[in-house]
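Me: I am new to this structure and would like a close look at a single part of it, the place where the two chains meet. Please take it slowly and connect each point to the next.

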Amino acid sequence: MERKRSRIDIISDILGTLLAKPAGLKPTHLMYKGNLSHGQMQQYLKELTEKGFVSRTRKGTQELIVITDEGAKFKRKIEEMKAFEQGFAF
Amino acid sequence: MLELIYSPAWFYGKDTLIDLISAGVLLLIAAFSYRYYLVKPEQRNYLHLAFAFGLMAAAFGAKAVVHGFMNRFITTAQEGVLLVAPEQFHASPNYYALFLLYRFLLVFALYWLYTIYQSPSRMNLLLITYLLFISTFFTKDSYLVFHLTAFVLTFLITATYVYRYRETRNPVTLLIIVGFGLLMLSRLLFIFVGVSPLLYVLAEVVQLAAFIGLLASFVRTFYHGKKTITY
């Protein structure tokens, strides 16, 4: 059975999804790709926007979520942490 | 009567440098582990690892200070072994306090690191800590007991990582195995320094190689982050 994702795992997944689409992603697409409920996604997006890891822009009538440089840096830190954690075999 | 220090005269001072480098590497890993804990507080093993590596850094820092301190009391050198006048040597309580602190902190830190993977009960933790304490402070052959205890603990830690590596084949774990394996070897060499002063040099060099191995494992985690994310 797959273990439940931690908060940092969900943030990592969101940032990873956005990193793969540098031009931005619609919130609904992010919700499906991140495997999140609407409420969860709004909660995480609020936190990530406040921390400056993502920004919201508009392209015509579409709202897009875009990863910022700070967000990319944080995703890199998470990857370092994962490598560290796996290396020390926690 | 003079007291022996098992180091060739030409090597004296260099061991202090090796201890400082060792402390630096350990402190770096401890600091990053603590930073990671702040990002992911639910993973308490980061905190335990930071604590264990921080204690080891303090231990090697204390040892470096002791060696620097002893340098003041060296009176003569014979046949490649430095000799110290014990009346001066023992006169300072700071020397003994720091030296015993080094020994206790190192074995306790190694044990703490081991407990990350073995999760003993609180009572066992207290019992082992007590046994480490008395073996450090109240043993006649404390030099031998200390290095033997450190050897056994590093062996258990290395074996734990080997066991995990067989499951994961993670290259970072392999570097950690190399690091702790060399640290184990250095403890073994320290036991036999009475045979030849050159063994002391070899033990210190192997210890340096051990910490270079640990540093390499740490650098590798950065490389992984950089390789995964390019922006």
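Before turning to that part, what share of the contacts in chain B with a separation of 6 or more comes from residues 24 or more positions apart?

Reply: This is a predicted model, and in chain B residues 24 or more positions apart account for 73% of the contacts with a separation of 6 or more. Chain B has eight helices and three strands, and from the N terminus on these elements follow the order β-α-α-β-β-α-α-α-α-α-α. Of its 231 residues, 49% count as buried, while the accessible surface of chain B comes to about 11300 Å², with 69% of that area belonging to carbon and sulfur atoms.

With chain B introduced, the place where the chains meet can be described. There, 22 residues of chain A are in contact with 28 residues of chain B. The size of an interface is often given as the accessible area lost when the parts come together. By that account, chain A and chain B bury about 2500 Å² between them, and 67% of this area lies on carbon and sulfur atoms. Three phenylalanines, Phe84(A), Phe88(A) and Phe90(A), supply 28% of the area that chain A buries against chain B, which is more than any other three residues supply.

Polar groups also take part, since eight residue pairs are in polar contact between chain A and chain B, counting pairs with both residues at pLDDT 80 or more. On the side of chain A that touches chain B, the elements that give two or more residues are helix 1 (7–20) and helix 4 (69–87) of chain A, and helix 4 of chain A gives the most, with 14 residues.

The count of salt bridges between the two chains is one. This salt bridge joins Lys40(B) to Glu85(A), with the closest N and O atoms 3.3 Å apart. It crosses from the loop between helix 1 (14–39) and helix 2 (45–70) of chain B, where Lys40(B) is found, to helix 4 of chain A, which holds Glu85(A). Both Lys40(B) and Glu85(A) are buried.

Helix 4 of chain A holds another salt bridge, in which the side chains of Glu80(A) and Arg76(A) meet at 3.7 Å, N to O. Because Glu80(A) and Arg76(A) are four residues apart in helix 4 of chain A, about one helical turn separates them. Glu80(A) counts as buried because its relative accessibility is 7%, whereas Arg76(A), with a relative accessible area of 23%, is partly exposed.

Helix 1 of chain A, the other element named above, also takes part in a salt bridge, for the side chains of Glu47(A) and Arg7(A) meet at 2.5 Å, N to O. This pair links distant parts of the chain, with Glu47(A) in helix 3 (residues 38–50) of chain A and Arg7(A) in helix 1 of chain A, 40 residues apart. Glu47(A) is buried, at a relative accessible area of 19%, just under the 20% cut-off for that term, while Arg7(A) is partly exposed at 34%. Across all chains of the whole structure, a search finds twelve salt bridges.

Finally, chain B also carries a nonpolar patch on its surface, formed by Leu185(B), Leu188(B), Phe192(B) and Val195(B), with about 360 Å² of accessible area together. One of these residues, Leu188(B), is found in helix 7 (residues 171–191) of chain B, and Leu188(B) is partly exposed, with a relative accessible area of 31%.

Conventions:
Residues numbered from 1 in each chain as written. Chains lettered and ligands numbered in written order. Predicted model: local features only at pLDDT ≥ 70, side-chain atom pairs only at ≥ 80, totals over all residues. Heavy atoms only, no water. Patch = residues over 30% accessible without salt bridge, like charges linked within 9 Å, V, L, I, M, F, W, Y side chains within 5 Å. Areas by Shrake-Rupley, 256 points an atom, 1.4 Å probe, with all protein chains shown as cover. Salt bridge = Lys/Arg side-chain N within 4 Å of Asp/Glu carboxyl O. Buried < 20%, exposed > 50% of the residue type's maximum accessible area, 1.4 Å probe, protein only. Contact = heavy atoms within 4.5 Å. Buried area = accessible area lost by both parts, 1.4 Å probe. Polar contact = N/O pair within 3.5 Å; in protein donor to acceptor, adjacent residues only side chain to side chain.
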